[in-house]
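The following exercises are to be worked through with the sequence and the model in view. Each task is followed by a solution in steps.

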Amino acid sequence: KHGRTMTKQYPFRACVEAIGQYVDEQCAKGNIPFPTIITIENHCSPAHETLQAKILRETLGDKLAIPDPHMVEYPSPSDLQGKIIVRDKIRHTSPKEYVDLI
């Protein structure tokens, strides 16, 4: 739930699917010169974060920009064109499956 806001509840998978479809459509039109950034305000348990990571990987596939833990230099925005970056706070309780995506 979103406390004190005028939003409705939507399934996480449906939101991720909609974002993925939008990125596909805009890339096909040549309208996305940079990566798309999803910022998640997450109040989920570690078990639900693991499920979110699974949904993100299944739904977005190769569009998902997953950080390489061994990278020496960050890729440029143009290198990430058409990719989706997931941004969230990492908590000490966050599972590795989720942390690897952030």
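**Exercise 1: Cysteines**

A search of the whole structure finds 0 disulfides, a disulfide being a pair of cysteine sulfur atoms within 2.5 Å. The structure is a predicted model, in which local features need pLDDT of at least 70 and side-chain atom pairs count only at pLDDT 80 or more, while totals for chains, interfaces and linings use all residues. Residues are numbered from 1 along each chain as its sequence is written, and side-chain values use heavy atoms, with hydrogens and water left out.

Task: State how far the nearest cysteine sulfur is from that of C27, and explain why C44 has no bond to its closest cysteine.

Solution.
- Step 1. The bond in question is a covalent one between the sulfur atoms of two cysteines.
- Step 2. C27 takes part in no disulfide, and the nearest cysteine sulfur, in C15, is 20 Å away.
- Step 3. For C44 the closest cysteine sulfur is also that of C15; because the distance is 12 Å, it is too far for a bond.
- Step 4. C27 has a relative accessible area of 33% and is partly exposed; the classes are buried (under 20% relative accessible area), exposed (over 50%) and partly exposed (in between), with a 1.4 Å probe and protein chains only. C44, at 28%, is also partly exposed.

**Exercise 2: Architecture and confidence**

Task: Determine the order of helices and strands along the sequence, and identify which element has the lowest mean pLDDT.

Solution.
- Step 1. The secondary structure consists of 3 helices and 2 strands. These are DSSP runs numbered from the N terminus: helices are H or I of at least four residues, strands E of at least two.
- Step 2. Along the sequence the pattern reads α-β-α-β-α.
- Step 3. The C-alpha trace spans about 35 × 35 × 25 Å along its principal axes.
- Step 4. The mean pLDDT of the protein is 87, with 96% of residues at 70 or more; pLDDT is the predictor's confidence in each residue, from 0 to 100.
- Step 5. Among the elements, helix α3 (residues 96-99) has the lowest mean, 81, and helix α1 (residues 12-28) the highest, 94.

**Exercise 3: The nonpolar core**

Task: Find which element supplies the largest share of the largest nonpolar core.

Solution.
- Step 1. Of the 102 residues in the protein, 27% are buried.
- Step 2. A nonpolar core is a set of buried Ala, Val, Leu, Ile, Met, Phe, Trp, Tyr and Cys residues joined through side-chain atoms within 4.5 Å.
- Step 3. The largest such core has 13 residues, and those with the most contacts inside it are I40, L56, L60, L64, I84, V86 and L101.
- Step 4. At least two residues of this core come from each of α1, α2 (46-60) and β2 (84-87). The largest share, 3 residues, belongs to α2.

**Exercise 4: Three loop residues**

Task: Place G30, S78 and S45 in their loops, and decide whether each is exposed or partly exposed.

Solution.
- Step 1. G30 lies in the loop between α1 and β1 (36-39). With 58% relative accessibility, G30 is exposed. Its C-alpha atom is 9.5 Å from that of G82, 52 residues apart along the chain.
- Step 2. S78 belongs to the loop between α2 and β2. A relative accessible area of 47% makes S78 partly exposed. S78 and P35 are 43 residues apart in sequence, with 7.7 Å from C-alpha to C-alpha.
- Step 3. S45 sits in the loop between β1 and α2. S45 is partly exposed, at 31% relative accessibility. The C-alpha atoms of S45 and V99 are separated by 13 Å.
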